[in-house]
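Biologist: Could you walk me through this model? I would like to hear the reasoning behind each label you use.

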Amino acid sequence: MLRILKFLITGDWHLHKWQCVATYNWREKNYGNYLNYEIQILECEHCGKRKKFKVKG
Ligand SMILES: [Zn+2]
């Protein structure tokens with residue numbers, strides 16, 4: 001049942017296994033202050049799906 005729910009929500013059957021494939025620095029202006037972030041590109045080992053993950057530096 002849980003698996004069926006997951007399938008409906010994600011359209012996928014497996015648990016994504018995220019692996020960091022790249023990182024870069026990102027600077028964002030926020031109320032006059034610069035905030036530094038590290039952006040991590042995560043890729044699923046199984047299906048190749050990618051997502052960006054923002055980490056506060
Ligand atoms: Zn996947």
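Modeller: Gladly. This is a predicted model, and its protein chain has 1 helix and 3 strands. Along the sequence they follow the pattern α-β-β-β.

Biologist: How much of the protein chain counts as buried?

Modeller: Buried residues make up 16% of the 57 residues. The accessible surface comes to about 5,100 Å², and carbon and sulfur atoms hold 56% of that. As for contacts with a separation of 6 or more, 29% of them link residues 24 or more positions apart.

Biologist: Let's turn to the metal. What makes His14, His16, Cys44 and Cys47 the protein donors of the zinc ion?

Modeller: Distance decides it. A donor is an N, O or S atom within 2.8 Å of the metal. NE2 of His14, ND1 of His16, SG of Cys44 and SG of Cys47 lie 2.0 to 2.4 Å from the zinc ion, so they qualify as donors.

Biologist: And why is the arrangement around the zinc ion called tetrahedral?

Modeller: Four donors count as tetrahedral if all angles lie between 85 and 135 degrees. The 4 donor atoms here subtend angles of 106 to 114 degrees, so the arrangement is tetrahedral. As a reference point, the ideal angle for four tetrahedral donors is 109.5 degrees.

Biologist: How are the donor residues of the zinc ion spaced in sequence?

Modeller: The spacing reads H-x1-H-x27-C-x2-C. His14 lies in the loop between α1 and β1, while Cys47 lies in the loop between β2 (33-44) and β3 (50-56), so this pair ties together parts that are 33 residues apart in sequence.

Biologist: How do you know whether Cys44 and Cys47 are buried or exposed?

Modeller: The label buried needs a relative accessible area under 20%, and exposed needs over 50%. Cys44 has 2%, so Cys44 is buried. Cys47 has 40%, which falls in between, so Cys47 is partly exposed.

Biologist: How many disulfides does a search of the whole structure find?

Modeller: The search finds 0 disulfides. The criterion is a pair of cysteine sulfur atoms within 2.5 Å.

Biologist: Back to His14. Is His14 buried or exposed, and why?

Modeller: His14 has a relative accessibility of 11%; the cut-off is under 20%, so His14 is buried. Setting aside neighbours within four places in sequence, His14 is in contact with Cys44, His46 and Cys47.

Biologist: What makes the pairing of the His14 and His16 side chains a polar contact?

Modeller: A polar contact is a suitable pair of N or O atoms within 3.5 Å. The side chains of His14 and His16 are joined at 3.2 Å, so the distance meets that limit.

Biologist: Moving on to the strands, why is Trp26 called partly exposed?

Modeller: Partly exposed is the range between the 20% and 50% cut-offs. Trp26 has a relative accessible area of 42%, so that label applies. Trp26 is found in strand β1, and its side chain makes a polar contact of 3.2 Å with the side chain of Glu28. Beyond four places in sequence, Trp26 is in contact with Leu35, Asn36, Tyr37 and Ile39. The C-alpha atoms of Trp26 and Ile39 are separated by 6.5 Å, although these residues are 13 apart along the chain.

Biologist: What about Thr23, and which residues does Thr23 touch?

Modeller: Thr23 also lies in strand β1. At 45% relative accessibility it sits between the 20% and 50% cut-offs, so Thr23 is partly exposed. Not counting residues up to four places away, Thr23 touches Glu38, Ile39 and Gln40.

Biologist: Where is Gln40, and what is it in contact with?

Modeller: Gln40 is found in strand β2. Outside its neighbours within four places, its contacts include Cys20, Ala22 and Thr23, and also Lys51, Lys52, Phe53 and Val55. The Gln40 side chain makes a polar contact of 3.2 Å with the side chain of Glu38.

Biologist: One more residue, please. Why is Tyr31 called exposed?

Modeller: Exposed means over 50% relative accessible area, and Tyr31 has 80%, so Tyr31 is exposed. Tyr31 lies in the loop between β1 and β2. Its phi is near 50 degrees, a positive value in a residue other than glycine.

How values were computed: Residues are numbered from 1 along each chain as its sequence is written. This is a predicted model: local features need pLDDT of at least 70, side-chain atom pairs count only at pLDDT 80 or more; totals for chains, interfaces and linings use all residues. Side-chain values use heavy atoms; hydrogens and water are left out. Helices (H or I, at least four residues) and strands (E, at least two) are DSSP runs, numbered from the N terminus. Buried means under 20% relative accessible area, exposed over 50%, partly exposed in between (1.4 Å probe, protein chains only). Contact means heavy atoms within 4.5 Å. Accessible areas come from the Shrake-Rupley method with a 1.4 Å probe; for residues, only the protein chains shown count as cover. A polar contact is a pair of N or O atoms within 3.5 Å; within protein, one must be able to donate a hydrogen and the other to accept it, and residues adjacent in sequence count only if both atoms are side-chain atoms. Donors are N, O and S atoms within 2.8 Å of the metal (3.2 Å for Na, K and Ca); water is not among the atoms, so sites may look incomplete. Four donors count as tetrahedral if all angles lie between 85 and 135 degrees; four count as square planar and six as octahedral if opposite donors are over 155 degrees apart and all others between 65 and 115; anything else is irregular.
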